[in-house]
Amino acid sequence: MTRRIAPAGAVLGSLLLSGCSAVGTPEPACRPLEVAELPMLGLMRGTWMDEERFVLVDPNESRLLVYRVADGLVRIVDGRGSVDPALNFMFPVDIQPWRRGYVLAARHGDQEHGLERDQERLLELDRHLRPVRMLWETDMERVTGGWSGDEVFAIGQLAVSRDRLYVEAIRLDAPRLSESLQQEREFAEFGLASGPGALREVAAWPGFSGELGWVGTASELVSTGGQAGSVFALRFAPDDPFIQELVGEGRRLGAFPNLPAPFPESLRAAGGGWSGWGPLEAGSYPAGLYADRDSLYILMRDATGDAVVWDLHRIDPGHDALVGRVRLPTNAPHVGLLPGHRYWLLQEATSGVEDPLRPPIRLLLLDAAAIRAGEPVSCD
């Protein structure tokens, strides 16, 4: 048998493409991503499209923004630019990989009929981010004297596991309610219905009293990969926060990092809802749940010192155990993360006291391998 040896030029090209140089210069563990435009800050929602590209939703402008790590913003997808007007979308809230494309949670706006026809939908997008069909639409609608509907609405986040879709949303606590719009938080599971590609709700995990009022987290619903892949939610019970596996009755994991300080009463699930940006930014609390491969990560905000610090605690859900911690290279008041195969995207934001919809400070690219290994990540 004859061995074929690649030309030296091909080997060098391969090394350069993989982020290495011929002399083995490592890629920095942290570097800023130079971008000219970012979504107005709400909660960072999006997904990696491949190792080099990611897409973020821009709710207030009804669009999707596609970035490349080497070039910044490379494409804008207008939510009102579909060939089929019935597939136009407003206020996109989250996007996740789905089958050969993506699933998008957004509203369908009808300017002629106003809010009565401003229905929330789940849309299927192709791999080029073009809407191809509606998968689901809520039955929530305004009626005389109030609201009506049995299904979830106000979807805030998506997670996908195999052929199932999971949402973080709210639901009316009665079939018909007055203008007070009483509501309960829920996590719900959708499966394929009998129609081609359609979705229907198949399971739900109700929230705790007052849990909807919590706004300190940038991510609360994630899916893990691998053979034992599952879906998990960050929950805020009246006693303590915990992680729940969204299967059956909902297994409560015992593993959870210690809180840097007692959980403030004003931030507890039963504390009466939103208490303002001041108490939130003075508090130390779990600020997000994330997943990478078969691991879960809790982002902990620690405001007990002179500056806010952020720790990423790794959890093995199979063994229900804490297995490591990484200090993130930021002291920003607010942080969001987007885990990827090669990079984790870190979004920094200023205080929300003056303007909740302020633009982010910057985006950082963190080396995913360093995070998985529990190695220190520095931007110096």
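This report walks through a few features of a predicted model: a run of paired strands, a disulfide, an aromatic group and a pocket.

**A strand with neighbours on each side**

Let's start with strand β21, which covers residues 295-302. Eight of its eight residues are buried, so the rest of the structure largely encloses this strand. In a regular strand, the side chains take turns pointing to the two faces of the sheet. In β21, S295, Y297, L299 and R301 sit on one side, while L296, I298, M300 and D302 sit on the other. Every one of these residues is buried, which leaves both faces of β21 covered.

What does β21 pair with? Strand β20 is one partner: the two run antiparallel and are joined by seven bridges. If you want to find a spot where they meet, look for D292, whose bridge partner in β21 is S295. The turn of this hairpin has two residues between the strands, and R293 in that turn has a positive phi of about 55°. Strand β22 (residues 309-316) also runs antiparallel to β21, again with seven bridges. Here, M300 has D311 in β22 as its bridge partner.

Another antiparallel pair turns up earlier in the chain, made by β4 (residues 63-68) and β5 (residues 72-78). In that pair, L64 stands opposite V77. Here are the three hairpins together:

| Hairpin | Bridges | Residues between the strands |
|---|---|---|
| β4 and β5 | six bridges | three residues |
| β20 and β21 | seven bridges | two residues |
| β21 and β22 | seven bridges | six residues |

**One disulfide**

How many disulfides does the structure hold? Just one. A disulfide is a covalent bond between the sulfur atoms of two cysteines. In this model the cysteines are C30 and C379, with 1.6 Å from S to S. The link is right-handed, with 50° about the S-S bond. It connects distant parts of the chain: C30 belongs to strand β1 (residues 30-33), C379 lies in the segment after α3, and 349 residues separate them.

Are the two ends buried or exposed? C30 is buried, at 7% relative accessible area, whereas C379 is partly exposed, at 30%.

**Rings that get together**

The structure also holds eight aromatic pairs. One of them is W48 with Y343, a stacked pair with 6.2 Å from centre to centre and 25° between the planes. W48 is in strand β2 and Y343 is in strand β25 (residues 343-349), so this pair ties together parts of the chain that are 295 residues apart in sequence. Both rings belong to buried residues: W48 has 11% relative accessibility, and Y343 has a relative accessible area of 4%. There is company, too, as W48 and Y343 form one aromatic cluster with F54 and Y67.

**The second largest pocket**

Finally, have a look at the second largest pocket, which has a volume of about 740 Å³. Its lining is made of 33 residues, and T47, Q96, S223, A291 and P339 lie nearest its centre. Which strand gives the most to this lining? That would be β12, with five residues. Other strands that each supply at least two residues include β2, β6, β17 and β24. Strand β20, which you met above as a partner of β21, is also one of these suppliers. By type, the lining divides into 15 nonpolar, 11 polar and seven charged residues.

Notes
Residues numbered from 1 in each chain as written. Predicted model: local features only at pLDDT ≥ 70, side-chain atom pairs only at ≥ 80, totals over all residues. Heavy atoms only, no water. Pairing = 2+ DSSP bridges. Helix = DSSP H or I, 4+ residues; strand = E, 2+ residues; numbered from the N terminus. Disulfide = S-S within 2.5 Å. Buried < 20%, exposed > 50% of the residue type's maximum accessible area, 1.4 Å probe, protein only. 1 Å grid on protein atoms, 1.4 Å probe; cavity = no way out; pocket = protein on both sides within 12 Å on 5 of 7 lines; lining within 4 Å. Points joined across faces, edges and corners; volume = space filled by probe spheres on them. Nonpolar A, V, L, I, M, F, W, Y, C, P; charged D, E, K, R; others polar. Phe/Tyr/Trp six-rings, centres within 6.5 Å; stacked < 30°, edge-to-face > 60°.
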